[in-house]
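Student: I have a chain to look over. Let us go through it by question and answer.

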Amino acid sequence: MATAGSILGHSVLRREDAALLTGGRSYVDDLDIAARSVVFVRSDVPHGRIVGISGGEGVFTAEDLQLPDMLAGPPAPAHFGRPALATGTVGYVGDPVAVVVGDTLAEARDRAEEVIVEIEELPGNADPMAASEVVFEVDPIEDPGALEGADVVVSFRYLNQKIAPAPMETNGILAVPDFDGAGRLRLWVPTQSPFSVRQTVADCLRLDPDRIHVVVPATGGGFGAKGHAYVEQVVTAALAVRLGEPLLWVESRTENMLHMGHARGQVQDVQIGARADGTVVGMKWSVTQDAGAYPDIGAWLTFYTKMMASGTYRIPRIDFRARSVTTNTAPTGALRGAGRPEAAATVERAMDLLATELGMDPVEVRRRNLIKTHSEPVVTPTGAVYDAGDYLAAMERAVELVGYDELRAAQAERRRRGDRHQLGIGVANYIEVTGNGPSSDYGSVEIHDDGTVTVLSGVSSHGQGHQTTYAQIASEQLGIPWGRITVVQSDTDVVPRGNGTYGSRSLQLGGSAIDRAAAGVVDQARQIAADHLEANVEDITVYHGSGLGVAGSPDTALPWSKLAELSPEPLAAECDFDQGARTFPFGTHVAVVEVDTETGGVRQLRHLCVDDCGNVINPLLAEGQQHGGVAQGIAQALWEEMVFDAGAGPRTTNFGDYLIPSAAEFCDFETHRNTTPTPLNPLGAKGIGEAGTVGATPAVQSAVIDALAPYGVRHLDMPLTPERVWRALAGDGDGAQRGTAP
């Protein structure tokens, strides 16, 4: 990977930020293109039969538009589909039933208020355990004897609550028909997958995809929730074509909270069995996934929960089954981790509960069960193929760095004194799967006559720093300063193809494609230099900052501009890099908290992580990903939850009700990394963007529960709000499981 003098493995400031900070890049709502406004009329009841829709001028219903059902897209099953506008019945509060157009946003909103939607209410349900319609089941792993040989069996129910993506920028679209005078439709969409959006709109509007041009402007967060087209985007595009005029739709915050794919929403009934020495013999899982009102990609994500059900441990036998059911809530979608946090959280709680049952230290229980260090693939009982890992090294480093033994001693002293503020320590190992979706992506590299470079990428950045890291990768191969390299993505007319940015796939797939394309250009240039210098191709080397010349004779170096001039054809190469398999980053998080036993308040004292994502191209950007993931993971543990009443009416519809922490609510994060390169791509890189959300949540949850152990609390459901913690201490806690204090 990186060598002496290499730009790889070094922190380089993001080149994207100046434009974002100074307004040089526009979000979809800021584009200076005249357009009329679109507003959707939505159901205000969770479940009901549509009796009639009436309104004034410019109101369109499903009957008017006659659009086909939208599919969630691969790899979701083909029967996952929903109408673009509700027909017959509504499924949740926020379900769009009609759409209006106005000259201004205010006018469109006024017209939407005038629309009368008559709905005959039906019973609503937000509890997946009370649902009756099963829409998807993963292929089960049937092993009735999975717990045979266990001296102790721990049974528990784990609730991974539903949360909202809540990106900084809500959803939207600007649709302009005949933008280029050639009858083509141009769409500006804040999406993670421009080619996927183009295909969905083409399918629904019955257009050739080449007739649609998708451009991604600045995008204010996605986290997986903007990985596909939404019904409003399709309807807005269809209306723009029908009316022959530009249309703009931008979601309000309340619409976003009600409608953008919610996440998590799993109920897991689990048993873990072990011998008296703490060695695990097996686990049994029964998982119920809340799919929401329409089965979308989230209903299928139990596939990943199943895949990761072993965690980092040698669990020889697993019995696993999962079903996805409908409720009267927003469709469940993908969110940072998507199926993997649900698995990791449950495995780690199982390890803690097992340690409590056996009277052992939770780190020691983990130590006895971790998969041994491996550089060759390891296949788990669930069929996951871990590429390479050193799980014990990550855990041992984390507990050493945090001063685990000293923390336990301090905790014991507080417990002895009966302090009001009790210390809690949570340790969580995690492993997750990255490079998801298609295992390939596109990249190309072209040298221009002036020696500058254009890189095209099939992925689409929404904050990750691709403009910086991809330029670093190309610079390393070409020897051209990274400031002379332009990275282009997120435009379906400029980039020929691509699969998008999700599942922590961008660096290992998109970055590797650029690496291989750049290497291809170097091979072309070597032949040109060899011919011009009358040397053997094998003797031609890259001189960083100078060009290509004979090895050992830097004065022979031909600059890239000269090589481009000498080349009979453009100096360019492209690559569809196919990794062929997924990678499995891993690590250990340690959370230290203080719980106020009089108020239930939780204060974070420390959060330390040791993440292993293989080789790192830019440590500064990797650390930023660690920070973002940790913050999101902690937020689920302590604050975030979509709350519904008994009839499925939403109670958390804006940031006044749904708790989003600011930086002031967090402690400083102590981020560290180990390096276990993957053999699956030339960069040796695995994903890092979702690691924090997989590892941080169970560490913080375990820390809070650990602080409550002297009071007999064995388990407590998230989020661990002051009220929930206080009630658990009082003995009447919702979601609390109690036992004998250690």
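Student: What share of the 742 residues in the chain is buried?
Tutor: This is a predicted model, where local features need pLDDT of at least 70, side-chain atom pairs need 80 or more, and totals use all residues. Residues are numbered from 1 along each chain, and side-chain values use heavy atoms, without hydrogens and water. Buried means under 20% relative accessible area with a 1.4 Å probe, counting protein chains only. For the 742 residues, the buried share is 60%.

Student: What is the radius of gyration of the chain?
Tutor: It is taken over C-alpha atoms, and the globule rule is 2.2 Å times the number of residues to the power 0.38. For 742 residues, a compact globule would come near 27 Å. The chain agrees, with 27 Å.

Student: In what order do the 5 strands of the open sheet run?
Tutor: Strands are DSSP runs of E, at least two residues, numbered from the N terminus. Two of them pair if DSSP finds at least two bridges. The pairing in this sheet is mixed. The order is 9-17-16-15-10.

Student: Why is one side of strand 9 and of strand 10 left without a neighbour in the sheet?
Tutor: Strand 9 (134-137) and strand 10 (152-163) each have a single partner strand. One side of each is therefore free of a sheet neighbour, because both stand at the edges.

Student: Which residue of strand 17 is the bridge partner of Met283?
Tutor: Strand 16 (residues 280-290) and strand 17 (residues 317-325) pair in the parallel sense over 9 bridges. In strand 17, the partner of Met283 is Ile318.

Notes. Helix = DSSP H or I, 4+ residues; strand = E, 2+ residues; numbered from the N terminus. Buried < 20%, exposed > 50% of the residue type's maximum accessible area, 1.4 Å probe, protein only.
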